[in-house]
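Please open the structure in your viewer and keep the sequence panel beside it, since this tour moves from one selection to the next. At each stop, make the selection first, look at it for a moment, and then read on.

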Amino acid sequence: MKTIISAISVSLLLGASSNAVFATPAAAVDKPAAISNAEKKPMASGEIKKVDKESGKVTIKHGEIKNLDMPPMTMVFRAKDAAMLDNLKAGDKINFSADKINGNFTVIEIEIAK
Ligand SMILES: [Cu+2]
């Protein structure tokens, strides 16, 4: 019985934490969802060149990305959550953070630069 109870509480904990990490409402583009410190990456600057919502990809002309050891260039990123792209369009100036996830360069957080 003890085993069953702890298994349930573990799954509740996992459920709660995965909601916290992955819930990224569409409205969160200019107000990023809370991201745990482990995931937090330095912000880079960029300009949106193309948004492909259907495939969840975004082309960004970006400045240096320190955590990826990447010089300025224009390239395609996957969006961690396609909803992040809802309020973005070509020409938008942004600040964003990115990481390599499962071999794909992935945008973790995007905010419109003021
Ligand atoms: Cu790049």
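How many bridges join β1 to β4, and do these strands run parallel or antiparallel? Select both strands, bearing in mind that this is a predicted model, and you will find that four bridges join β1 to β4 and that the two run antiparallel. For one of these pairings, select glutamate 47, whose bridge partner in β4 is lysine 93.

**The whole chain**

Now step back and colour the protein chain by secondary structure, which comes to one helix and five strands. If you follow the chain along its sequence, these elements appear in the pattern α-β-β-β-β-β. Of the 114 residues in the chain, 20% are buried. Among the contacts between residues at least 6 apart in sequence, 54% join residues that are at least 24 apart.

Before going further, colour the chain by confidence: the mean pLDDT is 79, and 66% of the residues reach 70 or more. Then select residues 3-31, where pLDDT stays under 50, and note that the model has 20 contacts beyond four places in sequence for this stretch. Please read that stretch with care.

**The first hairpin**

Select β1 (44-52) together with β2 (57-62), and you will see two strands that run antiparallel and are joined by six bridges. Here lysine 50 stands opposite threonine 59 in β2. The two strands form a hairpin with four residues between them, and in the turn glycine 56 has a positive phi of about 70 degrees.

Keep glycine 56 selected and add aspartate 86, which is found in the loop between β3 and β4. Although these two residues are 30 apart in sequence, their C-alpha atoms are 10.0 Å apart in space. Is aspartate 86 buried, exposed or partly exposed? It counts as partly exposed because it has 15 C-beta neighbours inside 10 Å.

**The second hairpin and a parallel pair**

Move on to β4 (93-101) and β5 (104-112), which run antiparallel and are joined by eight bridges. One pairing to pick out is alanine 98 with its bridge partner in β5, valine 107. These strands form a hairpin with two residues between them.

With β5 still selected, add β3 (73-79), and compare the directions: β3 and β5 run parallel, and two bridges join them. Valine 107 appears again here, as alanine 79 stands opposite it.

**Two residues with positive phi**

Most residues other than glycine have a negative phi. Which residue in the loop between β4 and β5 is worth selecting with this in mind? It is asparagine 102, which lies in that loop and has a phi near 50 degrees, a positive value in a residue other than glycine. Asparagine 102 counts as exposed because it has 6 C-beta neighbours inside 10 Å.

Next select aspartate 69, found in the loop between β2 and β3, which likewise is not a glycine and has a positive phi of about 55 degrees. Aspartate 69 also counts as exposed, because 7 C-beta neighbours lie inside 10 Å.

**The nonpolar core**

Finally, turn to the largest nonpolar core, which has 16 residues, and select Val58, Phe77, Ala79, Phe96, Ala98 and Val107, the members that touch the most other members. The strands β1, β2, β3, β4 and β5 each supply at least two residues of this core.

Take phenylalanine 77, which lies in strand β3, as one example. Why does phenylalanine 77 count as buried? It is buried because 21 other C-beta atoms lie within 10 Å, and the cut-off for a buried residue is 20 or more. Leaving aside residues up to four places away in sequence, phenylalanine 77 touches Lys57, Val58, Ile60, Ala98, Phe105, Thr106 and Val107. You may also draw a distance from phenylalanine 77 to threonine 59, which is 18 residues away in sequence but 6.1 Å away in space, C-alpha to C-alpha.

For the last selection, choose valine 58 and show the residues it touches beyond four places in sequence, which are Ile48, Val51, Asp52, Phe77, Ala79, Leu85, Leu88 and Val107.

Definitions and conventions:
Residues are numbered from 1 along each chain as its sequence is written. This is a predicted model: local features need pLDDT of at least 70, side-chain atom pairs count only at pLDDT 80 or more; totals for chains, interfaces and linings use all residues. A residue is buried if 20 or more other C-beta atoms lie within 10 Å of its own, exposed if 12 or fewer, and partly exposed in between; C-beta atoms are placed from the backbone. Two residues are in contact if their C-beta atoms, placed from the backbone, lie within 7 Å. A nonpolar core is a set of buried Ala, Val, Leu, Ile, Met, Phe, Trp, Tyr and Cys residues joined through C-beta atoms within 7 Å. pLDDT is the predictor's confidence in each residue, from 0 to 100. Two strands pair if DSSP finds at least two bridges between them.
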